[in-house]
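Work through the exercises below with the structure open. Each task is followed by a solution in steps.

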Amino acid sequence: MAIYTNAYYRDQAKRVIEEFNFKEPPIDLVKITTEMKIEIVEMTLPSWFFGVLLNIDNEYYITLNKAMPDYRKKFTLAHEIAHYYLHGEELAYMKNCKRDYFHREADVYAAELCMPTFIVKKEANKWFNDWRYLAKLFGVSEEAMVRKLQELGILKAGFYECAT
């Protein structure tokens, strides 16, 4: 088994962004799933259940909890797209608790898919690093945007009061 860094997973997400020629926020994840022939199904599910990627007879489905806020659905959708690209043949991860790293990899990929570094930098410069506005623009939580801007060195480490 190869060991990859977070930079590798971000680069894999960037390849998808480039393949679909996304240059402006928000990133249209439904366009990606449509092209991949993955059907999105929203269902009423327990609050602890966010989503899952399913392969049923070689047809892929992403099930999302419809009770979640839109920004949570978006990240969950990106997370499941990440599983498809990174772990498509190994979907049995759900049955094996020793593969928790699959979710960490998918989270790194999903964050980059929702908030591509090169687009975030451009938009942050344009909007004076207004993380609340940028979160709305990208369709992500304020907390996720603050984290991204801090990772990029655009916002200093510290406490930012986030509504979402």
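The exercises cover the sheet, the helix contacts and two single residues of this predicted model.

**Exercise 1. The sheet**

Task: State in which order the strands of the open sheet lie, and which strands stand at the edges.

Solution:
- Strands of a sheet pair through backbone hydrogen bonds, either parallel or antiparallel.
- Strand 1 (residues 38–43) pairs with strand 3 (residues 59–65) in the parallel sense, over 6 bridges.
- Strand 2 (residues 51–56) pairs with strand 3 in the antiparallel sense, over 6 bridges.
- The open sheet has 3 strands in the order 1-3-2, and its pairing is mixed.
- Strand 1 and strand 2 are at the edges with a single partner strand each, so one side of each has no neighbour in the sheet.
- From one strand to the next, the twist averages 25°.

**Exercise 2. Register and surroundings of strand 3**

Task: Find the residues of strand 3 that stand opposite Met-43, Val-52 and Asn-55, then decide whether strand 3 is largely enclosed or left open.

Solution:
- Met-43 stands opposite Asn-65 of strand 3.
- From strand 2, Asn-55 has Tyr-60 in strand 3 as its bridge partner.
- The hairpin of strand 2 and strand 3 has 2 residues between the strands, and Asp-57 there takes a positive phi near 50°.
- Val-52 has Thr-63 in strand 3 as its bridge partner.
- Helix 3 packs on the sheet and touches strand 1, strand 2 and strand 3, with a direction at about 155° to that of strand 3.
- Of the 7 residues of strand 3, 5 are buried, so the rest of the structure largely encloses this strand.

**Exercise 3. Helix 3 against helix 4**

Task: Classify the packing of helix 3 (residues 70–87) and helix 4 (residues 101–114), and describe the contact by residue class.

Solution:
- Two packed helices are described by the angle between their axes and the distance between the axes.
- For helix 3 and helix 4 the angle is about 120° and the axes are 8 Å apart.
- The roughly perpendicular class covers 65 to 115 degrees and the roughly antiparallel class lies over 145, and helix 3 and helix 4 are therefore oblique to each other.
- Helix 3 passes helix 4 in a right-handed crossing.
- On the helix 3 side, the contact residues include Phe-75, Ala-78, His-79 and Leu-86, and on the helix 4 side they include Phe-102, Ala-106, Tyr-109 and Cys-114.
- By class, the residues of this contact divide into 13 nonpolar, 4 polar and 3 charged.

**Exercise 4. Helix 1 against helix 4**

Task: Give the orientation and handedness for helix 1 (residues 6–19) and helix 4, then list the residues that meet.

Solution:
- The axes of helix 1 and helix 4 come within 8 Å and cross at roughly 45°.
- That angle makes helix 1 oblique to helix 4.
- The crossing of helix 1 and helix 4 is right-handed.
- Asn-6, Tyr-9, Arg-10, Gln-12, Ala-13, Val-16 and Ile-17 of helix 1 meet Glu-105, Val-108, Tyr-109, Glu-112 and Leu-113 of helix 4.
- The contact of helix 1 with helix 4 has 7 nonpolar, 2 polar and 3 charged residues.

**Exercise 5. Helix 5 against helix 7**

Task: Classify the crossing of helix 5 (residues 117–126) and helix 7 (residues 142–151).

Solution:
- The two axes come within 11 Å, crossing at roughly 95°.
- Helix 5 is thus roughly perpendicular to helix 7.
- Helix 5 contributes Thr-117, Val-120 and Ala-124, which meet Met-145, Lys-148 and Leu-149 in helix 7.
- The contact of helix 5 with helix 7 divides into 4 nonpolar, 1 polar and 1 charged residues.

**Exercise 6. Two residues**

Task: Decide whether Thr-33 is buried or exposed, and do likewise for Glu-18.

Solution:
- Thr-33 is found in helix 2 (residues 29–35).
- The relative accessible area of Thr-33 is 1%, and the cut-off for buried is under 20%, so Thr-33 is buried.
- Apart from neighbours within four places in sequence, Thr-33 is in contact with Ile-38, Ile-40, Ile-62, Leu-77 and Ile-81.
- Glu-18 is found in helix 1.
- With a relative accessible area of 48%, Glu-18 is partly exposed.
- Glu-18 and Ile-154 are 136 residues apart in sequence, and their C-alpha atoms are 23 Å apart in space.

Definitions and conventions:
Residues are numbered from 1 along each chain as its sequence is written. This is a predicted model: local features need pLDDT of at least 70, side-chain atom pairs count only at pLDDT 80 or more; totals for chains, interfaces and linings use all residues. Side-chain values use heavy atoms; hydrogens and water are left out. Axes are lines fitted to C-alpha atoms, for helices over the stretch in contact, and angles run from 0 to 180 degrees between N-to-C directions. Helices (H or I, at least four residues) and strands (E, at least two) are DSSP runs, numbered from the N terminus. Angles under 35 degrees count as roughly parallel, over 145 as roughly antiparallel, 65 to 115 as roughly perpendicular and the rest as oblique. Contact means heavy atoms within 4.5 Å. Ala, Val, Leu, Ile, Met, Phe, Trp, Tyr, Cys and Pro count as nonpolar, Asp, Glu, Lys and Arg as charged, and the others, Gly among them, as polar. A crossing is left-handed if the near helix is turned anticlockwise from the far one by less than a right angle, and right-handed if clockwise. Buried means under 20% relative accessible area, exposed over 50%, partly exposed in between (1.4 Å probe, protein chains only). Two strands pair if DSSP finds at least two bridges between them.
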